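Could you show me around this structure, one selection at a time? I have it open in a viewer and would like to know what to click on next and what is there.

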Amino acid sequence: MKTNRRCRALLAVSLNLMALLFSTTAFITTHWCEGTQRVPKPSCGKEKKTNCLNYGGNETANETNQNVVHYSWETGDDRFLFRYFHTGIWYSCEENINAAGEKCRSFIDLAPASEKGVLWLSVVSEVLYIMLLVVGFSLMCLELFHSSSVIDGLKLNAFAAVFTVLSGLLGMVAHMMYTQVFQVTVSLGPEDWRPHSWDYGWSFCLAWGSFTCCMAASVTTLNSYTKTVIEFRHKRKIFEQGFREEQNFLDQEAIKYFRERSVSQSLQQG
């Protein structure tokens, strides 16, 4: 029984640690959502010859004379660039079309004013989610390595299960609130940021993977607690039943002894 209980506790600790690592990684990375943004091509110049609009004619004269009307034969989507972007809780980064690398800006500033409160609530929930995971992980480690008795281990087990379940619920709410804010920002956000197409990224998958590991850890911990309690009740029931049978046997032996003694005394008197 002790070996099985220790294996279940070790499994719960491993799942909780995975949930903690996944949630922390998702929280600090910027790949919750990713896709492309449609932006107008810049005008071609001396330093930029590709992915730009070439109006033809004398470029130097066109640059100096602001009254010259520019014409381009490119129409439709040919007049636009589709740059890659990825967004997290804190920042949104997009490909820099004028130079190498990326440029990032605060996603909190990009969110509409009506959604900033929900976004901050999502951030607070994510922080609480990680903190409760740390508390649950600490209690599970104490129960696994430092519990002096089975009763103390059961108490730690119960508290760890409660904290882990609460953290999972907070994580689920935080992920759903962020998804809502992002979808509203796609429709009402700044014109120069709105995505042309987008999908969920690997950080989003890590966040929900963390939630799955968290709930699996809580179920494992509750299962360990329930099994231990049931085993103790079963052993207590067997002990009490054996004790009653032994007591009945002793009572019968005592009755038999006194009966035989009374019979022998009556024979001696006769």
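Start by selecting leucine 128, which sits in helix H4. This is a predicted model, so everything on the tour is read from predicted coordinates. Is leucine 128 buried, partly exposed or exposed? Its relative accessibility is 37%, so leucine 128 counts as partly exposed.

Now add Val124, Val127 and Met131 to the selection: together with Leu128 they make a nonpolar surface patch of about 320 Å². Showing the surface of these four residues is a good way to see the patch.

**Along helix H4**

Stay on this helix and select serine 125, which belongs to H4, the helix that covers residues 116-145. Serine 125 is buried, because its relative accessible area is 7%, under the 20% cut-off. What does serine 125 touch, leaving aside residues up to four places away in sequence? Its partners are Leu170, Ala174 and Met177. Colour those three residues and you can follow the contacts from serine 125 in helix H4 to each of them.

One more stop before moving on: cysteine 141. It counts as buried, with 19% relative accessibility.

**The spans named in the record**

Next, colour the stretches that UniProt, in an unreviewed entry, labels "transmembrane region": residues 127-146, 158-180 and 200-226. Select residues 158-180 on their own. In the model this span is 100% helix and 0% strand, and its end C-alpha atoms lie 34 Å apart. Then select residues 200-226, where the chain is 93% helix and 4% strand. Here the end C-alpha atoms are 38 Å apart.

**The disulfide**

Now display the cysteine side chains. How many disulfides does the structure hold? There is one, and it joins cysteine 93 to cysteine 104, with a distance of 1.9 Å from S to S. The pair links distant parts of the chain: cysteine 93 is in strand S3 (residues 91-95) and cysteine 104 in strand S4 (residues 102-106), eleven residues apart. Turn the view to look along the S-S bond: the angle about it is 105 degrees, and the link of cysteine 93 and cysteine 104 is right-handed.

The two ends of this link are worth viewing with the surface switched on. Cysteine 93 counts as buried, at 5% relative accessibility, whereas cysteine 104 is partly exposed, with a relative accessible area of 47%.

**A network of charges**

Side chains of opposite charge can pair when their charged atoms come close. A search of the whole structure finds four salt bridges. Select Arg83, Glu94, Arg105 and Asp192, which are linked in a network of salt bridges.

Begin with glutamate 94 and arginine 83, whose closest N and O atoms are 3.6 Å apart. Glutamate 94 lies in strand S3 and arginine 83 in strand S2 (residues 80-87), so this pair ties together parts of the chain eleven residues apart in sequence. Glutamate 94 is buried, with a relative accessible area of 1%, and arginine 83 is buried too, at 7%.

Glutamate 94 also forms a salt bridge with arginine 105, with 3.0 Å between the closest N and O atoms. Arginine 105 lies in strand S4 and glutamate 94 in strand S3, so this pair again ties together parts that are eleven residues apart. Arginine 105 is partly exposed, with a relative accessible area of 23%.

Which residue meets arginine 105 in a further salt bridge? It is aspartate 192, at 3.2 Å from N to O. This pair links distant parts of the chain, 87 residues apart: aspartate 192 is in the loop between helix H5 (150-188) and strand S5 (197-200), and arginine 105 is in strand S4. Aspartate 192 is partly exposed, with a relative accessible area of 44%.

**Zoom out**

Finally, clear the selection and colour the chain by secondary structure. You will find six helices and five strands, running α-β-α-β-β-β-α-α-α-β-α from the N terminus on. Of the 270 residues in the chain, 36% are buried. Among contacts with a separation of 6 or more, 72% are between residues 24 or more positions apart. With the surface shown, the accessible area of the chain comes to about 16500 Å², and 61% of it belongs to carbon and sulfur atoms.

Note on methods:
Residues numbered from 1 in each chain as written. Predicted model: local features only at pLDDT ≥ 70, side-chain atom pairs only at ≥ 80, totals over all residues. Heavy atoms only, no water. Helix = DSSP H or I, 4+ residues; strand = E, 2+ residues; numbered from the N terminus. Buried < 20%, exposed > 50% of the residue type's maximum accessible area, 1.4 Å probe, protein only. Contact = heavy atoms within 4.5 Å. UniProt positions renumbered as here; feature names shortened; annotations may be inferred. Disulfide = S-S within 2.5 Å. Patch = residues over 30% accessible without salt bridge, like charges linked within 9 Å, V, L, I, M, F, W, Y side chains within 5 Å. Areas by Shrake-Rupley, 256 points an atom, 1.4 Å probe, with all protein chains shown as cover. Salt bridge = Lys/Arg side-chain N within 4 Å of Asp/Glu carboxyl O.
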